[in-house]
Each structure stands twice: as structure tokens, then as C-alpha cells.
Amino acid sequence: MAKRSSKPNLSPPAPAGLSPAAQEWWKNLQADYPLADSAGMLLLEQAMRAFDRCEEARAALDRDGAIVADRFDQRVPHPAVKLERDARHQLLQCLRALNLDVEPARPPGRPSGH
């Protein structure tokens, strides 16, 4: 399990072709959870590429709407709906596979006293 580090960040730069937002995520994740092994680096890169695809799909949906007309002028889901869903799933799967040491915001279960 990756551990948070208090050491200075000497991590490798983000891979070429990532958006500025994905590069910032890369930098922040590397600062919090330094990944030195090749499998971890590959998973993080794939997560950031999935993040970019998800954001591109979201931009298309924001621009065009979730429902569009097909060539027969029938109302159908925008193709980017599936792209966004699949990219988000891949992003979350990669982050889970990295097994980052993330503590829950609050303990699981019902609050005490109820």
C-alpha cells in the first residue's frame, strides 16, 4: 500500500500529451503518494489519460447536450455519454488498482447516538 510521504517531491514529470489539468493531478498525486515502480507509473498514466477522455466527453456533452438528433432526426443519447461513463470507470479502476492509502472522510456506518 502506498504511503503518504513528507519528503520533497522528486517525481518524474507528467507524460507528454496530458492536459494541464491532468498534469496537475499527476503532480499532486506524485507529491502525496510517490510512485516509483513501473506498474504504478503505468497505472497513474492510464488514469490521467482516462481523466482527459472523461473531460473531453464532458465538454462535448456540455456543448451539445446529452440527447442529440441522429441522421433520421430521431432523438438519441449523445455518443459521448458512453465515452464519459467508460472513461470515468477506467479512471476509478486505475486509482483503485494503485491502492492509495486514502482515509475516509468519516467513519463508515450510522452516526453514534441514533
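# A walk from helix to helix

Start by selecting Glu 45 and Arg 49: they sit 4 residues apart in helix α2 (residues 38-64), so about one helical turn separates them. Helices here are DSSP runs of H or I with at least four residues, strands are runs of E with at least two, and both are numbered from the N terminus. You're looking at a predicted model, where local features need pLDDT of at least 70, side-chain atom pairs count only at pLDDT 80 or more, and totals for chains, interfaces and linings use all residues. Residues are numbered from 1 along each chain as its sequence is written, and side-chain values use heavy atoms, leaving out hydrogens and water.

Now show the side chains of that pair. Glu 45 and Arg 49 make a salt bridge, with 2.9 Å between the closest N and O atoms; the term covers a side-chain nitrogen of Lys or Arg within 4 Å of a carboxyl oxygen of Asp or Glu. Both partners are partly exposed, Glu 45 at 22% relative accessible area and Arg 49 at 24%. On this scale, buried is under 20%, exposed is over 50% and partly exposed is in between (1.4 Å probe, protein chains only).

**Zoom out**

Switch to a cartoon view of the whole chain. You'll find 3 helices and 2 strands, in the order α-α-β-β-α from the N terminus. Of the chain's 114 residues, 26% count as buried. Its exposed surface is about 8,300 Å², with 56% of that supplied by carbon and sulfur atoms; these areas come from the Shrake-Rupley method with a 1.4 Å probe, and for residues only the protein chains shown count as cover.

**More charged pairs**

How many salt bridges does the structure hold? There are 7.

Head to helix α1 (residues 20-32) and select Glu 24 and Lys 27, which are 3 residues, or about one helical turn, apart. Their side chains meet in a salt bridge at 3.9 Å, N to O. Glu 24 is partly exposed at 38% relative accessibility, and so is Lys 27, at 45%.

Next, pick Arg 63 and Asp 64, whose side chains form a salt bridge at 2.9 Å, N to O. Here Arg 63 is exposed at 61%, while Asp 64 is partly exposed at 34%.

Then select Arg 58, Asp 62, Glu 84 and Arg 88 together: salt bridges link them in a network.

**His 78**

Jump to the loop between β2 (75-77) and α3 (79-98), where His 78 lies. Is His 78 buried or exposed? With a relative accessible area of 11%, His 78 is buried.

What is it in contact with, beyond its neighbours within four places in sequence? Light up Ala 60, Leu 61, Asp 64, Gly 65, Ala 66, Ile 67 and Val 68; contact means heavy atoms within 4.5 Å. Asp 64 is a name you've already met, as the salt-bridge partner of Arg 63. Now turn to Ala 80: its backbone nitrogen lies 2.9 Å from a polar atom of the His 78 side chain.

**Last stop: the cysteines**

Select Cys 54 and Cys 94. Cys 54 is buried, at 6% relative accessible area, and Cys 94 is buried too, at 8%. A disulfide is a covalent bond between the sulfur atoms of two cysteines. The search, which looks for pairs of cysteine sulfur atoms within 2.5 Å, finds 0 disulfides in the whole structure.

Key: Polar contact = N/O pair within 3.5 Å; in protein donor to acceptor, adjacent residues only side chain to side chain.
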